[in-house]
Amino acid sequence: MVQIGKTNNYDALIIGAGHNGLTNAAFLAKAGLNVLVVEKNDYIGGATVSRELETGWKYSNCSYVCSLFRPEIYQALDLGRHGLEVVPIKGGVTFMQNGDYYGNYHHHEIRRREIARHSQRDADAVIRFDADLMKWCRLIRGFLLRTPPDPTSFKPRDVMEFGYLLKKFHGLSESQLYEFMRFFTMSIGEYLEEYFENPAFLAHYSGGSVIGTGLGVYSPGTAYVLLHHAMGDVDGNVGSWGFAKGGMGSVSSAIAASYTNFGGEIRTGAEVSKINVSNGRATGITLASGEVINAKKVVSNLDAKRTFLSVMDKDDLPSYVIKRAENFKIRGSSGKLNIALDGLPDFPALPKGSPLTLGHMHFTDSLQRLERAYDDWKDNRWSADPYTDTLIPTQFDPTMAPPGKHMMTVFVQYCPVNPEGGWDETKRDAFGKTVIDQIAEYSPNFKDLIVHTEIRTPKELEAEVGLTEGNIFQGELTLDQLLFNRPFPGYAQYRGPVKNMYMCSSSNHPGGGVMGAPGANSAREILRDMKRKDTTPEDFGDD
Amino acid sequence: MTKKRNIVIIGAGHNGLICAAYLAKAGHEVTVLEARDQIGGGIAPREFSKGFTAPGLAHLAYPLHPKIISDLEIGNNARSKSRTINTISLSKSGDHLHLGQSSASGGSLSSEDQEAYSAFKKEFLAYAKALSPLMMNKPPRLKNMDTKDKITLAKLGWKVRFGLKTDSMREFLRVGGINIYDVLNEVFDSEALKGAIAADAVIGHHMAPRTPTTVLTYILRLFGETENRQLTSAVPNICEALATAATSAGVNIRTQSKVEDILLSDDQVTGVRLSNVEEISADIVVSNSDAKSTFLDLVGVQDLDAMFVHRISKSRTNGDVAKLHFALKSLPNFTSLDAESLRHRLLIAPNMRYIEQAFNPSKYGEFSERPVLEITFPTIDNPALSPDGQHTMSVNASFAPYALKAGWDKKRKTFTQKVIDTVAGYAPGFESLILDHELLTPVDIESEYNIKGGHWHHGEIAIDQSFMMRPIHGTAQYNTPISGLFLCGAAAHPGGSINGLPGRNAAQRILAMTKSGDV
């Protein structure tokens, strides 16, 4: 083996400088370990990155809003001091085909009046709904920063962890228990239809549940996904989302700053070709350049497929792991448009100076339209009438575009990984046109304002960001890939199938959404195995 | 023994009869009231055209659970004449796929797929077995459990942890909540094979292969194959056998007695009122009807808690399957399929995409362009059901939503034609054999069989409407918020299909509660 310098023997080596890899590394460095993060791109951040793709315009390239990031981690790594500032997004709007709109105002009283404008019944139901949802958020948040127990194991730790989970549930009344089971297993459409009747309102609240998933609003299990988008908070505002000042890149750069501050090293432009394993133990990595770097612990922040099928040698792995990795569900279902605008588009449906354009904008006003968008994807087509989450962050953060100009980010559901005959320029532009035409229906001057459009299909997201099939959660959030099943049964505790090898990506519990939790949980397990002091935070529990 | 109670059971379907037989055997005074002029509900024979009879709604069934057969001593009666049947998934090319209980052939299956099929059935049967403590008892409450609940949970835990090997348990916990589509794609190559299995997972439900929880519906169906049971066409025999069992146990069965009202005096049942205003008093009333009919119509909302009513009326009970009966000059000629094969169950579900695309329109209140069909010929076993040489063909057609946007009255012909064309695609000249036919849409099933929504299972078998949440939580242990009123039908755990467990479990619950003096 080539030996290069004395630095070539690290305590821990993390593959991939995405937010989870950096979080993981930061907690290890904080514990006094000698840590290296290697990144294939010549910039860090992975999917949480801001880049200048059109002079003067800064884009959050992939992930675009921030909310789920664990406040415990924010505090433990002192990210505020390292330059992370999150501005809460206030409200949102769903434009209706009949020229009206539903305004999801930030202030709950105004919001209720708006709901009542569409349906008095819904305005009453929303009180019950908000209370219920908050209950489930608080329950689930308690599980995010913990290592899932193995249901087949009788190890004291696993048994005790189950005890903890049961205790959490014991606080609920009997009927609350059943209601939670229903919430966890129902489709978002059917769940909301038990509360509400107004189609636009139903659509506004359902969209979040299918963003990034290969499921439709009537697929059982999607009600739960709502939490992944609703349990986040900004300044303790559960359910509200925020923009990271300077784009999502500032999340990863802040973590990186905190990490290097603890003495950690980062090497960009260093693509890993292989995790070296000798007699059942990971010993380090080999870079594409052929350089070998040794480390006591090797941590992969790549998704489960890449980790086990591309950077590890089949012969080093149990066949079970290979089979599970091959069958790991990580289907891309989303596209994204980053649009540079010459000015702020008008939305005539809204009253002059309405604050609603400051928030999430949607153009799908019924569950049926959402479901039909999914039917297209099932048949391997992009949605002819897509659901989009559209935002104009430059209204908050002028630093992201030249003075007076704006940047629009459009997250598109659904977009297939591999349409009939594969992706090509023409198809990609046709996909982009579908989205732009939809927005233009509600904003006459929108098209004229477009300076530059960047169209991202799952193909580009995979190529650039390294998300397999462009799946933003690095693995679907279905019951077979949650908790002790994530990424595979028997490997849900962040330890890999070979000794000294670990996983910290969103392919692990509790999954994606720029939470940082997988990174932190994995660090806890590593420090535990190294008998080091645990530097990772306890969850606040209720806030 | 406990004080003799005067018990009225509403509905002489198979669950009502089973429940009645158990209660009468225990010495209670039991009367079964049936609205229709014949007993058996969905399994009663039905003359749909002069001289042509069909088995009614259910044309196939797994034998009743052996426990019930032995308890009610109906062994020979039900098993005799019953003949196990296989599934033949039709292919336009004539290369049909034959599915037995544990082996598959034809359909140019690879040897890998054939082995995978046997292994797959074995594995999933094991999952079904592991669930048996849950199926054979009242669903345990998750809080305020009684001893029985604790025993049920303990047994369930034991069976899942030790009845299954560690790997099987892991796999069970992994796939238990997901869709059959992903599982089948992992296990098999043949699209025909995947289609045939997926059809079993979704038939009778408002679901398609890609709908999460279709693995559970498949496992629940497979429960019918536990205890070495196999699918049979002997539904009418089950109906007879149960009638005999009930009457010989001393049950008094009255047909043409439609219950209009369940009578209460301060949250305690006192009896029922029939449509002919006759009042029958009872200490205990057991409803074999669906939950919406029972609570919203028979009890009435004014006597129930508002949230309870809300949740009952929001429960999803719209059927998505239509039943068709055809009177035929002679047996149709399916491309390269011998007459012998027509004894079996024919399936038109060539692949999973076909099923998914048949399902899509039903989400928007439209029926399938190319429906999924399950076809049997009851007259092959029982020529008496039709004039000499002629035949009855019984078809389940998915998907046909209860709430059809265009309204069923206007669309009956169109849908029937689509079914005929689909069959003709596999049996050229089929249409010319049709002497007469009847179409039972979910709306017809609702009115003819008094099932709200016309749903086979009296309500969708989704996880959120199963087990301790069936029909809704708060009335999932067969007793209801009304003292003395019980559920014993498919609306109650473990739900539909002809296994008789809701009736049996309900009876056990009632006997336990009368014994302890709770009723």
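**Exercise 1. Find how many salt bridges join chain A and chain B in this predicted model, and give an example.**

Solution. Start with the rule: a salt bridge is a side-chain nitrogen of Lys or Arg within 4 Å of a carboxyl oxygen of Asp or Glu. Applied between chain A and chain B, the rule gives 13 salt bridges. One of them pairs D182(B) with K329(A), whose closest N and O atoms are 3.0 Å apart.

The model is predicted, so local features need pLDDT of at least 70 and side-chain atom pairs count only at pLDDT 80 or more, while totals for chains, interfaces and linings use all residues. Residues are numbered from 1 along each chain as its sequence is written, chains are lettered from A and ligands numbered from 1 in the order in which they are written, and side-chain values use heavy atoms, with hydrogens and water left out.

**Exercise 2. Describe the side of chain A that touches chain B: which helices supply residues, and which classes do the residues belong to?**

Solution. Step one is the contact count (heavy atoms within 4.5 Å): 43 residues of chain A meet 37 residues of chain B.

Step two is the helices, taken as DSSP runs of H or I with at least four residues, numbered from the N terminus. In chain A, α4 (120–144), α6 (174–185), α7 (188–193), α12 (319–327) and α13 (367–378) each supply at least two residues of this side. The most comes from α6(A), with eight residues.

Step three is the classes. Ala, Val, Leu, Ile, Met, Phe, Trp, Tyr, Cys and Pro count as nonpolar, Asp, Glu, Lys and Arg as charged, and the others, Gly among them, as polar. This side of chain A has 14 nonpolar, 10 polar and 19 charged residues.

**Exercise 3. State the area that chain A and chain B bury between them, and what part of it is on carbon and sulfur atoms.**

Solution. Buried area is the accessible area (1.4 Å probe) that two parts lose on being put together, summed over both. For chain A and chain B it is about 3700 Å², with 54% on carbon and sulfur atoms. T152(A), Y178(A) and K378(A) supply 16% of the area that chain A buries against chain B, more than any other three residues.

**Exercise 4. Describe how domain 1 and domain 2 of chain B meet.**

Solution. An automatic or database assignment sets the domain bounds: domain 1 of chain B is 6–45 + 238–315 + 455–516, and domain 2 is 117–227. Their C-alpha centres lie 27 Å apart. In contact are 18 residues of domain 1 and 21 residues of domain 2. The two domains bury about 1700 Å², of which carbon and sulfur atoms give 71%. Zero salt bridges are found between them.
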